[in-house]
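With the model open in your viewer, please follow this short tour one selection at a time, and take a moment at each stop before moving on.

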Amino acid sequence: AATALDADLFLVKHLLILREQISPFDIEFAVTEKRLDFRNTADAFYAFLAHYTSIFQFSRDNPLVALFVGGLPTIEESQVDSKHDLEHELKTACERFIRTATSTLVQPLVAFSEEVQAFRAAHGEGEHLSRQP
């Protein structure tokens, strides 16, 4: 448990250092990422392969036309805010540290409480712990 506490403290410490070092710079940490999504292309290609025998038919269900129309990749844009991500990671690391520290401190108390309950169950409520050696 001590190594888990040390690891959590290490992470919290370095995330706090990173936050402190980037805070003087008043710049926007949000970046727009763009990527191509080929899921439609794969679906259209599989449909083309399933119906390739009707390639030369002049109809709306021509697999070659469906491949060219529905097979174009789409552009996905996502906004990534590094400062927000840093705060989220710091919050998560602090919560994990609190959970680990709490369980480390409370575990002996829980074990003692279970022993007391077992003693009371074995000896009845009339027996007092203060009279025990």
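Select Lys91 to begin, and in this predicted model you will find that Lys91 is exposed, because its relative accessible area is 52% and the cut-off for exposed is over 50%. Now add Glu95, which forms a salt bridge with Lys91, the closest N and O atoms being 4.0 Å apart. Both residues belong to helix H4, where they sit four residues apart, about one turn of the helix, and Glu95 counts as partly exposed at 36% relative accessibility.

Stay with helix H4 (residues 82–123) and select Arg96 together with Asp8, which lies in helix H1 (residues 2–22). These two form a salt bridge whose closest N and O atoms are 3.3 Å apart, and the pair links distant parts of the chain, 88 residues apart. Is Asp8 buried or exposed? With a relative accessibility of 7%, Asp8 counts as buried, whereas Arg96, at 33%, counts as partly exposed.

Next, select Glu76 and Arg35, which form a salt bridge with their closest N and O atoms 3.4 Å apart. Glu76 lies in strand S2 (residues 74–81) and Arg35 in strand S1 (residues 30–37), so this pair ties together parts that are 41 residues apart in sequence. Adding Asp37 and Arg39 to the selection shows a network of salt bridges that links them with Arg35 and Glu76.

Finally, select Asp61, found in the loop between helix H2 (39–50) and helix H3 (63–70), where Asp61 is exposed, with a relative accessible area of 69%.

Key:
Residues numbered from 1 in each chain as written. Predicted model: local features only at pLDDT ≥ 70, side-chain atom pairs only at ≥ 80, totals over all residues. Heavy atoms only, no water. Buried < 20%, exposed > 50% of the residue type's maximum accessible area, 1.4 Å probe, protein only. Salt bridge = Lys/Arg side-chain N within 4 Å of Asp/Glu carboxyl O.
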